[in-house]
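Biologist: I would like to go through a model and learn how to read its features one by one. Where shall we begin?

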Amino acid sequence: MSNSPLTPGIVPGRLPAEAYARNFADHEPALDRHEARVAADRCYFCHDAPCITACPTSIDIPLFIRQIATGTPEAAATTIWSQNILGGICARVCPTETLCEEACVREAAEGKPVEIGRLQRYATDVAMAKGLHPFTRGTPTGKRVAVVGAGPAGLACAHRLAMHGHDVVIYERRPKAGGLNEYGIASYKATNGFAQKEVDWLLSIGGIELRCGVELGRDVTLAELEAGYDAVFLGIGLAGVNALRAAGEDKAGVRDAVDFIAELRQTADLSTLPIGRDVVVIGGGMTAVDAAVQSKLLGAETVTIVYRRGQEKMSASAYEQEHATSAGVRIICNAMPVAIHGNGAVREVEFAYTQETPEGLKSTGETFRLKADQVFKAIGQTLAGAPEGLAVQGGKLAGHQGKVWAGGDCAAGGEDLTVTAVAEGRDAAEAIHKHLMA
Ligand SMILES: Cc1cc2nc3c(=O)[nH]c(=O)nc-3n(C[C@H](O)[C@H](O)[C@H](O)COP(=O)(O)OP(=O)(O)OC[C@H]3O[C@@H](n4cnc5c(N)ncnc54)[C@H](O)[C@@H]3O)c2cc1C
Ligand code: SF4
């Protein structure tokens with residue numbers, strides 16, 4: 001090992017080789033059979049269960065937990081997948097602490113919810129390991145649907161359309177399918193190539209052709225898709241990133257957090273991935289937390305998240321914030337970047353403290369500087385590359401326009417979460433099916 005956490009600049013191999021496997025190991029290891037039965041026994045199997053309402057895909061949670069409790073995890077997986085075909089990744093990445101587990105009556109009573117996410121993972125892992133795929137392709141209808149984007153929304157839409165017997169072609173601009181499951185989610189949440197395994201498993205229903213490396217707008221136009229197919233689903237996510245609007249943003253060492261994470265996810269040997277000694281992450285959401293935690297795990301000496309508003313306004317949940325701080329990340333709130341200093345490459349970031357005023361967020365005029373050789377911008381993604389002429393509401397595509405449906409992060413309404421994208425893709429497929437069969 002030639003480098004250490006103290007080596008200046010952006011360099012690879014700050015840690016001993018064996019540290020990478022340990023640092024990026026499964027963040028929440030799977031339950032075994034006995035642990036799953038014990039966890040399932042804590043469920044009250046509530047009538048009108050609030051956990052179901054809190055799940056964007058409305059999985060029948062008490063039913064699948066009862067199926068685990070009675071020793072039939074395969075049946076539990078079928079219950080999960082019938083509502084959420086990406087139940088395996090969702091079990092790993094859903095912020096359950098703000099969804100089903102927050103709503104669980106045992107959370108209200110004891111501050112300790114039933115471990116719904118981990119139970120969901122147990123059931124889907126057991127069933128996938130046995131090669132179970134409990135759905136078959138419907139009788140062919142002769143209808144053809146183009147799906148653009150092979151992220152959670154596009155994949156969920158394609159699978160549901162295949163179940164109804166429609167022929168689906170997915171157009172994906174990246175070399176691999178999975179969307180942010182493959183290129184965005186933190187490494188330690190989806191280990192051992194799980195995202196690709198789940199894509200392969202999902203496509204095994206048949207009737208879905210995946211064309212990777214094909215970009216809408218570059219290789220194919222919306223007009224061509226509308227002419228060649230009976231319906232089109234757009235699940236293109238949010239490819240644009242917001243600018244900091246701070247002087248010096250173009251200095252070397254300043255980078256979009258999503259690009260860094262995508263590179264990290266595609267790097268087989270993490271000891272080769274360069275990382276700064278002093279890393280500053282600007283933003284307050286999941287992307288900021290993931291970039292910061294993974295920088296620390298790669299061996300950065302100091303990692304600081306700086307967020308412009310109060311901590312309670314951060315979109316990363318309290319659980320995620322705690323995850324960051326327990327990994328050694330410092331969080332500074334109520335400060336916004338005003339300038340990036342350095343001669344060619346970043347050396348320091350200057351921030352101004354902020355205060356909320358009736359006219360909006362304002363600088364107090366007091367500034368401070370943080371040493372930095374790498375800066376990640378994680379201040380939100382925006383719709384980019386959407387076909388012209390489609391209606392946009394609040395910066396996102398309207399859900400349905402003519403032959404075109406949209407869902408997931410690129411579509412108006414709903415939170416930007418994997419599970420929400422799955423729900424929207426599935427629901428769009430049902431709407432398309434109804435439309436095609438009318
Ligand atoms: C860093 C990061 C971490 C996250 N962590 C979590 C988490 O832990 N838990 C959680 O629930 N959510 C998380 N999210 C949010 C979650 O990943 C998204 O909400 C979800 O992936 C949205 O799914 P989607 O299918 O709408 O879009 P995406 O996953 O973005 O997929 C869109 C797909 O469309 C493709 N595409 C785009 N334009 C074109 C085009 N013109 N032609 C062809 N293909 C195109 C893209 O390459 C991509 O594969 C995270 C997001 C980020 C950025
Ligand atoms: S709210 Fe909690 S206890 Fe009730 S059914 Fe859901 S998981 Fe079980």
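**Exposure and burial**

Modeller: Begin with E18, which is exposed because its relative accessible area is 53% and exposed means over 50%. Keep in mind that this is a predicted model.

Biologist: Where is E18 found?

Modeller: E18 is found in helix α1, residues 17-23. From E18 to N343 there are 325 residues in sequence, and the C-alpha atoms are 35 Å apart in space.

Biologist: What of E320, buried or exposed?

Modeller: The cut-off for buried is under 20% relative accessible area. E320 has 7%, so it is buried. Its place is in helix α16, residues 318-326. The side chain of E320 also makes a polar contact, at 3.5 Å, with the side chain of K189.

Biologist: How many residues of helix α12 are buried?

Modeller: Seven of the 10 residues in α12 (194-203) are buried, and the helix is mostly covered. Among the buried residues are F194, W201 and E198.

**The ligand site**

Biologist: Turning to the ligand, which residues are the closest to ligand 1?

Modeller: For a shell, count a residue if one of its heavy atoms lies within 4 Å of the molecule. Here 35 residues surround ligand 1, and V93, E172, K189, L216 and D409 are the closest. K189 is also the residue whose side chain is in polar contact with that of E320.

Biologist: How many of the shell residues are nonpolar, polar and charged?

Modeller: The shell around ligand 1 has 17 nonpolar residues, 10 polar ones and eight charged ones.

Biologist: Which residues have polar atoms paired with oxygen atoms of ligand 1?

Modeller: Read each pair with its distance and ask whether the protein atom belongs to a side chain or to the backbone. D409 offers an N or O atom of its side chain, 2.8 Å from an oxygen atom of ligand 1. For L180, a polar backbone atom is 2.9 Å from an oxygen atom of the ligand. For T418, a polar backbone atom is at 3.1 Å from an oxygen atom of ligand 1.

Biologist: How much of the area of ligand 1 does the protein bury?

Modeller: The ligand taken alone exposes 1000 Å², and the protein buries 96% of that. The elements that give two or more residues to the shell are α10 (152-163), β2 (167-172), α14 (257-265), α15 (286-297) and α17 (418-437). Of these, α15 gives the most, with three residues.

Biologist: Where does ligand 1 lie with respect to the domains?

Modeller: Check which domains give residues to the shell. Both domain 2 (144-239 + 383-437) and domain 3 (241-377) do, so ligand 1 lies between them.

**Strands and sheets**

Biologist: What is the order of the strands in the open sheet?

Modeller: The order names the strands from one edge to the other. This open sheet has six strands in the order β3-β2-β1-β4-β18-β17, and the pairing is mixed. The edge strands, β3 (208-212) and β17 (400-401), each pair on one side only.

Biologist: How do β1 and β4 run, parallel or antiparallel?

Modeller: Strands β1 (144-148) and β4 (231-234) run parallel and are joined by four bridges. One bridge partner pair is A146 with V232 in β4.

Biologist: And on edge strand β3, how exposed is L210?

Modeller: L210, found in β3, has a relative accessible area of 30%, so it is partly exposed. L210 lies 63 residues from V147 in sequence, and their C-alpha atoms are 9.4 Å apart in space.

Biologist: In what sense do β11 and β12 pair?

Modeller: Strands β11 (348-357) and β12 (360-371) are antiparallel, with nine bridges. A hairpin of two residues joins β11 to β12, and T354 stands opposite S363 in β12.

**Backbone angles**

Biologist: What is phi in S58 and in R245?

Modeller: Look for a positive phi, and then check the residue type. In S58, phi is near 55 degrees, a positive value in a residue other than glycine. In R245, also not a glycine, phi is positive and near 60 degrees.

Biologist: Where are S58 and R245 placed?

Modeller: S58 is in the loop between α3 (50-54) and α4 (61-69), and it counts as partly exposed at 35% relative accessibility. R245 is in the loop between β5 (240-241) and β6 (254-256), and at 77% relative accessibility R245 counts as exposed.

Terms used
Residues numbered from 1 in each chain as written. Chains lettered and ligands numbered in written order. Predicted model: local features only at pLDDT ≥ 70, side-chain atom pairs only at ≥ 80, totals over all residues. Heavy atoms only, no water. Polar contact = N/O pair within 3.5 Å; in protein donor to acceptor, adjacent residues only side chain to side chain. Areas by Shrake-Rupley, 256 points an atom, 1.4 Å probe, with all protein chains shown as cover. Nonpolar A, V, L, I, M, F, W, Y, C, P; charged D, E, K, R; others polar. Domains from an automatic or database assignment. Pairing = 2+ DSSP bridges. Buried < 20%, exposed > 50% of the residue type's maximum accessible area, 1.4 Å probe, protein only.
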